[in-house]
Every structure is written in structure tokens, then in C-alpha cells.
Amino acid sequence: MQKMWGVWKLIYPIIGMSGIIPVNMEPRLLSELGLKPDTPVVCQLSNRPELTYIIESPLTKLDDLITHIRNIAQDHIIQPLDRTLVFVTTIMNGELIARNLGCEFYCADTSVYVSKGNRRLMNESTCHRIAAEQCKRIIDNWQTGRYRIMVAMTAFGAGNNYPGVWVVILANTPFNMASIVQQFGRAGRDGNQASCYIIPSKCLLYQPGEQSVDFCEHSAVTEMIWDSTKCIQFLLTKYVDGREATACLEDTKNMICS
Ligand SMILES: [Zn+2]
């Protein structure tokens with residue numbers, strides 16, 4: 001792994017760009033792209049010192065979850081431009097939580113916007129156009145402040161950067177480290193301090209031997225959520241940066257996780 005400034009010294013005619021590539025995925029990615037194992041990989045460390053990470057006690061009842069999300073959001077939505085994002089793991093939970101919070105649910109799946117009956121009558125491109133229009137409308141409503149909370153699925157977790165997101169809440173137990181890193185990454189994009197919560201629902205234990213390599217780091221998710229002795233920031237940065245991981249107490253610029 002080389003640091004970002006190293007990109008200026010590369011003499012290669014083609015440079016590929018990506019978001020998060022965990023360090024343990026690099027050899028596989030190079031192999032699948034047909035590149036030599038010693039192809040230079042340039043990256044920036046994933047530490048976000050402005051983010052505070054908080055793992056809450058598990059909540060299994062919907063009413064408790066809604067009340068808790070409302071309380072967290074109320075603490076962070078103060079100024080007109082303040083926004084909150086709530087990520088969920090299933091469409092059913094997304095629709096349920098959004099309805100109870102009185103906000104909208106962003107999901108790239110066409111089935112959320114076009115009923116089964118209508119899907120049969122329409123061609124696929126029409127369904128996708130309707131879904132794309134609805135997704136845009138939902139984001140507009142959130143950005144312009146009609147709804148200052150938005151519930152979203154994984155599709156919104158990557159690459160969508162809006163200022164004023166002071167809090168990101170992962171409602172339910174997330175499935176993998178990549179989703180957690182990406183979804184938390186929506187917070188504090190304007191450089192201001194922001195808070196990232198996980199409110200787990202249940203313990204999804206990783207079963208060793210399910211797959212040959214634990215690429216998604218299910219075991220790390222289990223460790224992070226259910227072992228309160230571990231530094232959350234360290235585990236998140238370890239997933240992306242490997243041996244260059246940073247614990248929150250290692251740098252005075254870091255917010256301290258809890
Ligand atoms: Zn920590």
C-alpha cells in the first residue's frame with residue numbers, strides 16, 4: 001500500500017479509481033482484473049477523526065426503536081440545514097421505520113415504487129424510470145428539508161455526500177463491515193463533527209466455515225457490536241487499512257468512541 005501522494009509518481013497509462021477497497025481484498029481484486037500482484041495500489045487511510053462512533057444496547061421492539069431514533073435525531077436536528085440518515089437492512093424494516101418516523105424511505109428496488117400488478121403491465125425500463133424518479137424526489141424532499149430524516153437502504157450508503165448530516169443511525173444489526181464503513185461515511189462530509197450510531201436488533205453470529213474466507217468480515221461485525229471492550233474506530237479502520245488501523249485514543253484529533 002502506498003500513500004495518496006504516490007499517485008503523482010505513477011507511470012502507468014491507466015489508473016483505476018475506487019471507493020473503499022479493504023486491504024485484504026487487494027490481491028483478489030488485482031487477480032480478477034488480470035493485473036500483476038505487484039501492481040501499485042495507492043490509497044488514503046480511512047480514519048475520520050471528526051466522527052464519533054456509538055454502539056447502543058440492542059432494541060427488538062419497534063416502538064422502543066422508533067422512540068430512540070426520534071430522541072437521537074432531536075438532539076442533532078437543531079439548525080434548518082441539519083439532516084439525519086437512518087440505514088436499515090431490509091425493505092420491510094425500512095418501510096415500517098419510515099412510516100413510524102413520519103418520513104420517507106429511499107430504496108433502489110423497483111418493487112418499493114411499482115406494485116406487483118403494475119410491474120406485470122410495464123416493461124422493465126419503465127419500472128426503472130419510475131423508481132429513479134421516486135428516488136430523486138425522496139432525496140430532494142430530504143435535502144430541501146420537507147423531511148429532515150430519511151430512512152435508506154444500502155444503495156444510498158455509497159458515494160452520496162451531503163452537508164449537514166450530523167448523525168447516521170444504523171437501525172438493526174448490520175450484515176458486514178463494508179456497509180458499516182460506507183454508511184457511517186455519509187456523516188460529517190462537510191468536515192464538521194458528527195455522530196454514528198448502531199442500534200443492533202439481534203446477534204448475528206458469524207459461523208466459521210460458512211465460506212472459505214470471511215471477506216465481508218462478519219466476524220469483525222460480531223466482535224465490534226457485541227464486545228464492548230474493543231475500540232470501534234480501531235476495528236473499522238482495521239477492516240479497511242489493515243495494520244495501519246487507528247484507535248480513537250491514538251490521536252488527539254480523533255473523537256472518542258463509546
Ligand atoms: Zn475508540
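At what angle do the axes of helix 6 and helix 8 cross? The close-up views below, taken from a predicted model, include this crossing.

**View A. Crossing of helix 6 with helix 8.** The axes of helix 6 (residues 177-184) and helix 8 (residues 232-241) cross at roughly 110° and come within 10 Å. Because angles of 65 to 115 degrees count as roughly perpendicular, the two helices are described as roughly perpendicular to each other. The crossing in which helix 6 passes helix 8 is left-handed.

**View B. Residues at the contact of helix 6 with helix 8.** Helix 6 contributes Met-177, Ile-180 and Val-181, which meet Leu-236, Tyr-239 and Val-240 of helix 8. By class, the residues of this contact comprise 6 nonpolar, no polar and no charged.

**View C. The open sheet.** The sheet is built from 6 strands in the order 1-6-5-2-4-3, with parallel pairing. Strand 1 (51-55) and strand 3 (104-106) are the edge strands, each pairing on one side only. On average, neighbouring strands are turned by 20° against each other, direction ignored.

**View D. Pairing of strand 5 with strand 6.** Strand 5 (residues 165-171) pairs with strand 6 (residues 194-199) in the parallel sense over 5 bridges. Ala-171 has Ile-199 in strand 6 as its bridge partner.

**View E. Helix 3 on the sheet.** Helix 3 (residues 91-101) packs on the sheet and touches strand 2 (83-87), strand 3, strand 4 (149-152) and strand 5. The direction of helix 3 makes about 170° with that of strand 4.

**View F. Helix 5 across three strands.** Strand 2, strand 3 and strand 4 are crossed by helix 5 (residues 124-143). Helix 5 runs at about 125° to strand 3.

How values were computed: Residues numbered from 1 in each chain as written. Predicted model: local features only at pLDDT ≥ 70, side-chain atom pairs only at ≥ 80, totals over all residues. Pairing = 2+ DSSP bridges. Helix = DSSP H or I, 4+ residues; strand = E, 2+ residues; numbered from the N terminus. Axes fitted to C-alpha atoms, helices over the stretch in contact; angles between N-to-C directions. Contact = placed C-beta atoms within 7 Å. Parallel < 35°, antiparallel > 145°, perpendicular 65-115°, else oblique. Left-handed = near helix turned anticlockwise from the far one by under 90°. Nonpolar A, V, L, I, M, F, W, Y, C, P; charged D, E, K, R; others polar.
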